[in-house]
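Trainee: I would like to go through this model slowly, with the reasoning spelled out at each step.
Mentor: Then let us begin with the structure itself and take the questions one by one.

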Amino acid sequence: MSIEKITEELNALNIISNSGDTHTRETEASIEYSMGDGDAEVLSTILEKIVSKLNELTDSATLFNQLQRLKNLLSIPTYTWEEDDLINYIVENYSDLCDTLEVDDIGNMYLTKGKSEYYPCFVAHLDTVHQKVDMVVEEEMLPNAQGELKLALKAYEEISGKPTGIGGDDKAGVFICLELLRELESCKIFLPVAEETGCNGSKEADPDFFKDVSYAIQFDSTENNTMSKTLMGVPLFEENGDFIGKVKNLINEHGLTQWRHHPYTDTMILSQNFDFSCLNFAAGYYRYHTKDEYVVIEDVNNTLNLAKKV
């Protein structure tokens with residue numbers, strides 16, 4: 001194999017360039033020296049660089065595709081009792097990722113992946129408080145809970161260009177659930193309708209679906225550092241119990257240090273009706289229930305990574 005051929009292959013992968021800078025000349029000189037010592041050594045070095053570069057490209061592509069999925073989902077308008085567009089989107093794009101996907105008479109969605117004696121169940125509601133309007137989701141730099149500017153997603157009406165609620169409450173939570181479905185070997189996903197008007201969907205949840213659920217995690221708390229300790233005074237877990245004892249340090253390590261007494265969401269109903277512990281994690285949405293609502297991408301990914309570890 002000639003030096004020219006090797007250099008050409010590296011150029012194609014952007015591992016070295018033809019710019020003539022000092023780094024490039026040193027790299028090429030190194031190749032020439034190594035060739036003098038034998039092809040095996042230089043080829044091994046080149047292969048290591050190629051593999052490293054391919055891994056970087058793969059990681060970048062993965063993050064890009066994930067961002068596109070988040071933007072696509074957030075751009076779907078949904079409102080209480082008007083969740084059909086989002087339901088259809090999930091059926092069309094996620095049926096192949098699970099073993100079963102069922103939609104009940106009122107629109108609640110039940111997804112199961114893999115075989116397990118007991119499953120983790122991930123929860124997010126399909127409705128938002130925002131009237132349905134065609135929207136464009138834009139990337140902007142906006143503050144997180146710590147006041148740091150981060151890459152975020154914000155929505156604008158397609159026709160007028162005016163700000164409109166992006167519906168991160170709780171479409172960001174729906175996205176996290178669907179990414180967990182994509183990445184985990186086994187889990188259950190419950191996506192109820194009509195949470196915003198009193199957890200109407202959860203009140204009609206099929207009890208058979210939850211018979212083999214070991215715990216449930218909802219993604220419907222605000223910003224990047226909160227989780228629910230109680231909902232309407234209903235405890236989601238035993239404060240000194242084994243479950244929270246096992247995951248408490250992990251939750252704090254991911255920055256969810258503000259454990260609060262929140263209003264209702266669906267895990268309140270699940271914890272009352274079924275015998276398992278529940279959690280409600282931050283989903284990365286800010287200024288919820290307003291036209292200026294936005295979603296911080298890094299915060300969504302932080303909670304996604306936390307849920308995978310739990």
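Trainee: What volume does the largest cavity have?
Mentor: Please bear in mind that this is a predicted model. By the rule used here, the count comes to one cavity of 30 Å³ or more. The volume of the largest cavity is about 40 Å³.

Trainee: Which class of residue, nonpolar, polar or charged, has six members in the lining of the largest cavity?
Mentor: The residues that line the largest cavity include Thr-78, Thr-128, His-130 and Gln-131, together with Lys-132 and Lys-171. Glycine counts as polar in this scheme, and Gly-165 and Gly-167 are also among the lining residues. By class, the lining has three nonpolar and two charged residues, and the class with six is polar.

Trainee: Turning to the open spaces, which residues lie closest to the centre of the largest pocket?
Mentor: The largest pocket has a volume of about 260 Å³. Its lining comprises 16 residues, which divide into five nonpolar, seven polar and four charged. The ones closest to the centre of the largest pocket are Asp-220, Pro-263, Tyr-264, Tyr-285 and Tyr-288.

Trainee: Are helix 5 and helix 9 oblique or parallel to each other?
Mentor: The axes of helix 5, residues 168-183, and helix 9, residues 297-309, come within 10 Å and cross at roughly 45°. Angles under 35 degrees count as roughly parallel, and those from 65 to 115 as roughly perpendicular. Because the crossing angle belongs to neither range, the two helices are oblique.

Trainee: Which residues of helix 9 make the contact with helix 5?
Mentor: Helix 5 passes helix 9 in a right-handed crossing. On the side of helix 5, the contact is made by Ala-172, Phe-175, Ile-176, Glu-179, Leu-180 and Glu-183. By class, the contact has seven nonpolar, one polar and three charged residues. From helix 9, the residues that take part are Val-300, Thr-303, Leu-304, Ala-307 and Lys-308.

Trainee: How many charged residues does the contact of helix 4 with helix 5 have?
Mentor: Helix 4, residues 84-94, packs against helix 5 at an angle of about 15°, with the axes 13 Å apart, and the two helices are therefore roughly parallel to each other. The contact is made by Leu-86, Ile-90 and Tyr-94 of helix 4 and by Lys-171, Val-174, Leu-178, Glu-179, Leu-181 and Arg-182 of helix 5. By class, six of these residues are nonpolar and none is polar, while the number of charged residues is three.

Trainee: Where is the residue that a cis peptide bond joins to Asp-169?
Mentor: The cis peptide bond joins Asp-169 and Asp-170, with omega at about 10°. The place of Asp-170 is in helix 5.

Trainee: What is the value of phi at Ala-194?
Mentor: Ala-194 lies in the loop between strand 7, residues 187-191, and helix 6, residues 200-203. Its phi is positive, in a residue other than glycine, with a value near 55°.

How values were computed:
Residues numbered from 1 in each chain as written. Predicted model: local features only at pLDDT ≥ 70, side-chain atom pairs only at ≥ 80, totals over all residues. Heavy atoms only, no water. 1 Å grid on protein atoms, 1.4 Å probe; cavity = no way out; pocket = protein on both sides within 12 Å on 5 of 7 lines; lining within 4 Å. Points joined across faces, edges and corners; volume = space filled by probe spheres on them. Axes fitted to C-alpha atoms, helices over the stretch in contact; angles between N-to-C directions. Helix = DSSP H or I, 4+ residues; strand = E, 2+ residues; numbered from the N terminus. Parallel < 35°, antiparallel > 145°, perpendicular 65-115°, else oblique. Left-handed = near helix turned anticlockwise from the far one by under 90°. Contact = heavy atoms within 4.5 Å.
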